[in-house]
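New to this one? Here is an informal walk through it, starting with the sheet and ending at the metal sites.

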Amino acid sequence: MSSILNADLHCHSVVSDGTLTPEELALRAHGKGVELWSLTDHDELGGQQRAAAAARALGMKYLTGTEISVTFIGKTVHIVGLGFDANDAALREGLVQTRGGRGQRAQEMAASLAQIGIRGAYEGALKYAGNHELISRTHFARFLVEVGACKDTNEVFRKYLTEGKPGFVAHRWASLKDAVTWITQAGGVAVIAHPARYGFTANEEYALFTEFKLHGGQGVEVVTGSHTAAEYQTYANMAREFELAASRGSDFHSPNESHTELGTLPHLPGNLTPVWELLTERIQG
Ligand code: AMP
Ligand code: MN
Ligand code: MN
Ligand code: MN
């Protein structure tokens, strides 16, 4: 399969913090010309069967997917897994553990928002969570827009939900080693999600890529909704330097909130190995 395949290997449904069902996403992706799709809900596989079935019904190729929350040198990093066996016991148990802390964290976020006069945030956020185990900052953001604290969710993240802001609660997620190991032992490929988003120094980024490779990671998102055109080139170069395959995904969450539509990003830059070439045996349909 060539690098100009319309692959979208990163998006979210109501099973995590998206607003569309797996079936609605499949239909939308197909309508936008996506040829190979993956649903990558945060820390969850609950939508995988539905996504695969919906893709099959539409004649669209599918790879299993998830986006694992990881703590690396004190910061949150996301690792996408693609093409794994969704019934793998160690992966499933790892994800149960990873999402296990979300309820407590959400309570602490609500307590901290209450201190600045925003009440009822836990219940308010929960209302937006299709899957209560996956209560996330995105659901708090929707609640804060609802009560008029901000005009949109981007503003909420800027003013409330990021490090140093009143609604932010530090949290410890999975280790990089565990996340990469769960994915690869389940037959999948681990991919560093949206690397430009982390605000790492050059040394920190070098450490991330080096340790990721050491643990068996094989891919990096080059073309994603979170990158600028210049960043496509930066991470294409990183992919070549670290001999990683390149992935492409919109990170679509919602028709109202996402800047990037499914299947509409530019193709991967040349002279890279597309991640789907490592996964030909794992593609369904
Ligand atoms: P959590 O896993 O609960 O920490 O929530 C992380 C999610 O919040 C990400 O997956 C994004 O969907 C969303 N998010 C993070 N930062 C931003 C931002 N600056 N603007 C909008 N959404 C964001
Ligand atoms: Mn998200
Ligand atoms: Mn992410
Ligand atoms: Mn994502």
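Which residue in strand 7 is the bridge partner of Val191? It's Gly219. Keep in mind that what you are looking at is a predicted model. The bridge between Val191 and Gly219 belongs to a pairing of strand 6 (residues 189-192) with strand 7 (residues 219-224), which run in the parallel sense and share two bridges.

**The sheet**

Now zoom out a little. Five strands make up an open sheet in the order 4-5-6-7-8, and the pairing is mixed. Strand 4 (65-72) and strand 8 (245-249) sit at the edges, each pairing on one side only. On average, neighbouring strands here are turned by 40° against each other, if you ignore direction. Helix 8 (residues 176-185) packs on this sheet, where it touches strand 4, strand 5 (75-82) and strand 6. The direction of helix 8 makes about 160° with that of strand 4.

**The nonpolar cores**

Next, the greasy parts. The largest nonpolar core has 53 residues, and the ones that touch the most other members are Ile68, Ile79, Leu208, Phe209, Val222, Val275 and Trp276. Take Phe209 as an example: leaving out residues up to four places away in sequence, Phe209 touches Ile192, Pro195, Val220, Tyr235, Met238, Phe242 and Leu244. There's also a second, separate core of 19 residues, with Ala106, Ala110, Leu113 and Ile118 among them.

**The manganese sites**

On to the metals. Here are two of the manganese ions side by side.

| Ion | Protein donors | Donor distance | Spacing along the chain | Distance to manganese ion (ligand 2) |
|---|---|---|---|---|
| manganese ion (ligand 3) | Glu67 (OE), His78 (ND1), His194 (NE2) | 2.1 to 2.2 Å | E-x10-H-x115-H | 5.6 Å |
| manganese ion (ligand 4) | His10 (NE2), His12 (NE2), Glu67 (OE), Asp251 (OD) | 2.1 to 2.2 Å | H-x1-H-x54-E-x183-D | 4.5 Å |

Glu67 turns up in both rows: it is a donor to ligand 3 and also to ligand 4. Where do its partners sit along the chain? For ligand 3, Glu67 lies in strand 4 and His194 in the loop between strand 6 and helix 9 (202-214), so this pair ties together parts that are 127 residues apart in sequence. For ligand 4, Asp251 lies in the segment after strand 8, so Glu67 and Asp251 tie together parts that are 184 residues apart.

Are these donors buried or exposed? Glu67 has 1% relative accessibility, so it counts as buried. His194 also comes out at 1% and is buried. Asp251 is buried too, with a relative accessible area of 11%.

**Two unusual phi angles**

Finally, a look at the backbone. Asp251 has a positive phi, near 60°, and is a residue other than glycine. Ile73 is not a glycine either, yet its phi is positive at about 40°. How do their surroundings look? Ile73 lies in the loop between strand 4 and strand 5, while the place of Asp251 is in the segment after strand 8. With a relative accessible area of 49%, Ile73 is partly exposed, whereas Asp251 is buried at 11%.

Technical notes: Residues are numbered from 1 along each chain as its sequence is written. Chains are lettered from A and ligands numbered from 1 in the order in which they are written. This is a predicted model: local features need pLDDT of at least 70, side-chain atom pairs count only at pLDDT 80 or more; totals for chains, interfaces and linings use all residues. Side-chain values use heavy atoms; hydrogens and water are left out. Two strands pair if DSSP finds at least two bridges between them. Helices (H or I, at least four residues) and strands (E, at least two) are DSSP runs, numbered from the N terminus. Axes are lines fitted to C-alpha atoms, for helices over the stretch in contact, and angles run from 0 to 180 degrees between N-to-C directions. Contact means heavy atoms within 4.5 Å. A nonpolar core is a set of buried Ala, Val, Leu, Ile, Met, Phe, Trp, Tyr and Cys residues joined through side-chain atoms within 4.5 Å. Buried means under 20% relative accessible area, exposed over 50%, partly exposed in between (1.4 Å probe, protein chains only). Donors are N, O and S atoms within 2.8 Å of the metal (3.2 Å for Na, K and Ca); water is not among the atoms, so sites may look incomplete.
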